[in-house]
Amino acid sequence: MGEVSVLGPVLVRDGDSPVHVGGSRQRRLLATLLLHHNHPVSVAALVDCVFGDSPPRRAEATLRTYVTRLRRVIPDGIDVVAEPRGYVLRTDAQDAVDATRFAAEHARGRQLVAHEEHGPAAQVFTGALKLWRGRPFEDIADEPWAAAEVRRLEEARTACRVDLVDALLADDRTVEALAVVDQLVATDPFNESHRLRLARALYRAGRASDALDALREFRGLLAEELGIDPSPDLDGL
């Protein structure tokens with residue numbers, strides 16, 4: 001059965017073997033259909049997404065050719081279906097797309113946290129994050145019409161990392177928590193909640209002096225770069 005990865009460059013697998021789906025425009029077609037997985041995309045929208053501002057004279061005919069070629073190479077369980085409103089990419093299995101699996105595993109981890117099973121939850125969160133291979137929908141991530149979905153997925157990854165830090169701290173695995181929270185701070189240095197977690201993780205690791213230094217550093221960063229003071233939560237910590 002076929003599987004599709006969108007948490008990074010778009011990748012199709014047939015079992016354990018990667019599938020070559022064609023050139024850059026055919027990859028853009030696949031990425032665009034995956035962006036709207038299980039929902040039809042109009043021919044006009046696909047032409048715009050695939051060809052941009054320079055469509056060929058017979059753009060719709062060329063698009064049909066790309067669809068035909070795509071159907072020939074994608075494995076069983078994945079199909080591009082023609083509908084009156086355009087084309088839709090469908091998958092037989094609910095978890096055939098890695099973004100769907102990631103969301104399901106993240107939700108499962110949160111259920112474990114709700115039952116105070118922090119160790120198993122951390123394991124589930126870690127597994128979910130291993131599905132990521134880079135920027136989501138990397139082939140089309142810079143296109144304005146893909147921005148909302150790319151941002152949503154990146155925010156979901158951040159939320160999963162935050163949940164992983166909290167689960168690790170609750171399970172007294174401070175060294176592992178510090179490694180993850182360092183990634184969060186590096187990605188978003190002005191995020192106060194990340195800085196608070198960093199200070200708590202350092203303190204829990206027996207590094208109270210480093211925790212205070214981290215808070216002082218953040219206070220200075222806010223004053224110098226943004227001209228603002230930290231929140232009462234940071235002062236309280």
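The paragraphs below walk through a predicted model, beginning with its salt bridges and moving on to buried residues and surface patches.

A search over the whole structure finds 15 salt bridges, and a few of them serve well as a first set of landmarks. In one, the side chains of E143 and R28 meet with a distance of 3.0 Å from N to O. Because E143 sits in the loop between helix 5 (118–129) and helix 6 (147–170), while R28 belongs to helix 1 (residues 24–35), this pair ties together parts of the chain that are 115 residues apart in sequence. The two partners fall into separate classes of accessibility: E143 has a relative accessibility of 24% and so counts as partly exposed, whereas R28, with a relative accessible area of 18%, is buried. The cut-off matters here, since buried means under 20% relative accessible area and partly exposed covers the range from there up to the exposed class, which is over 50%.

A second salt bridge joins D166 to R197, whose closest N and O atoms are 2.9 Å apart. This pair, too, links distant parts of the chain, for D166 is in helix 6 and R197 is in helix 8, 31 residues apart. On the helix 6 side, D166 is partly exposed, with a relative accessible area of 33%, while R197 on the helix 8 side counts as buried at 19% relative accessibility.

Towards the end of the numbered helices described here, R219 forms a salt bridge with D235, and their closest N and O atoms are 2.5 Å apart. The link runs from R219 in helix 9 to D235 in helix 10, across 16 residues of sequence. Both ends of this bridge can be placed by their accessibility: R219 is partly exposed with a relative accessible area of 39%, and D235 counts as partly exposed at 48%. Beside these pairs there is also a network of salt bridges, in which R135, D142 and E154 are linked.

Helix 8 (residues 192–204) deserves a longer look, and H194 is one of the residues found in this helix. With a relative accessibility of 3%, H194 counts as buried. Residues up to four places away in sequence set aside, H194 touches T158, V162, V181, L184, V185 and D188.

E192 also has its place in helix 8, and its setting raises a question: which side chain of opposite charge is nearest to E192, and how many ångströms away is it? That side chain is R200, at 8.6 Å, and E192 is buried yet has no salt bridge. A salt bridge requires a side-chain nitrogen of Lys or Arg within 4 Å of a carboxyl oxygen of Asp or Glu. What E192 does have, once neighbours within four places in sequence are left aside, is contact with F218, L222, P230, S231, D233 and L234.

One of those contacts, P230, leads on to G220, which lies in helix 9 (residues 208–226). The C-alpha atoms of G220 and P230 are separated by 9.4 Å, with the two residues 10 apart along the chain. At 33% relative accessibility, G220 counts as partly exposed.

In the loop between helix 9 and helix 10 (232–236) the reader will find I228, which counts as partly exposed because its relative accessibility is 40%. Together with F190 and L226, I228 makes a nonpolar surface patch of about 260 Å².

A patch of another kind involves charge: D14, D76, D79 and D92 gather on the surface in a patch of negative charge. Of these residues, D14 can be located in strand 2 (residues 11–14), and with 40% relative accessibility D14 counts as partly exposed.

A last stop is A103, found in helix 4 (residues 98–114). This alanine is partly exposed, with a relative accessible area of 44%. Computed along the sequence, A103 and R161 are 58 residues apart, while in space their C-alpha atoms are 13 Å apart.

Technical notes:
Residues numbered from 1 in each chain as written. Predicted model: local features only at pLDDT ≥ 70, side-chain atom pairs only at ≥ 80, totals over all residues. Heavy atoms only, no water. Patch = residues over 30% accessible without salt bridge, like charges linked within 9 Å, V, L, I, M, F, W, Y side chains within 5 Å. Areas by Shrake-Rupley, 256 points an atom, 1.4 Å probe, with all protein chains shown as cover. Lys, Arg positive; Asp, Glu negative; His and termini not counted. Charge placed at Lys NZ, Arg CZ, Asp CG, Glu CD. Helix = DSSP H or I, 4+ residues; strand = E, 2+ residues; numbered from the N terminus. Buried < 20%, exposed > 50% of the residue type's maximum accessible area, 1.4 Å probe, protein only. Contact = heavy atoms within 4.5 Å.
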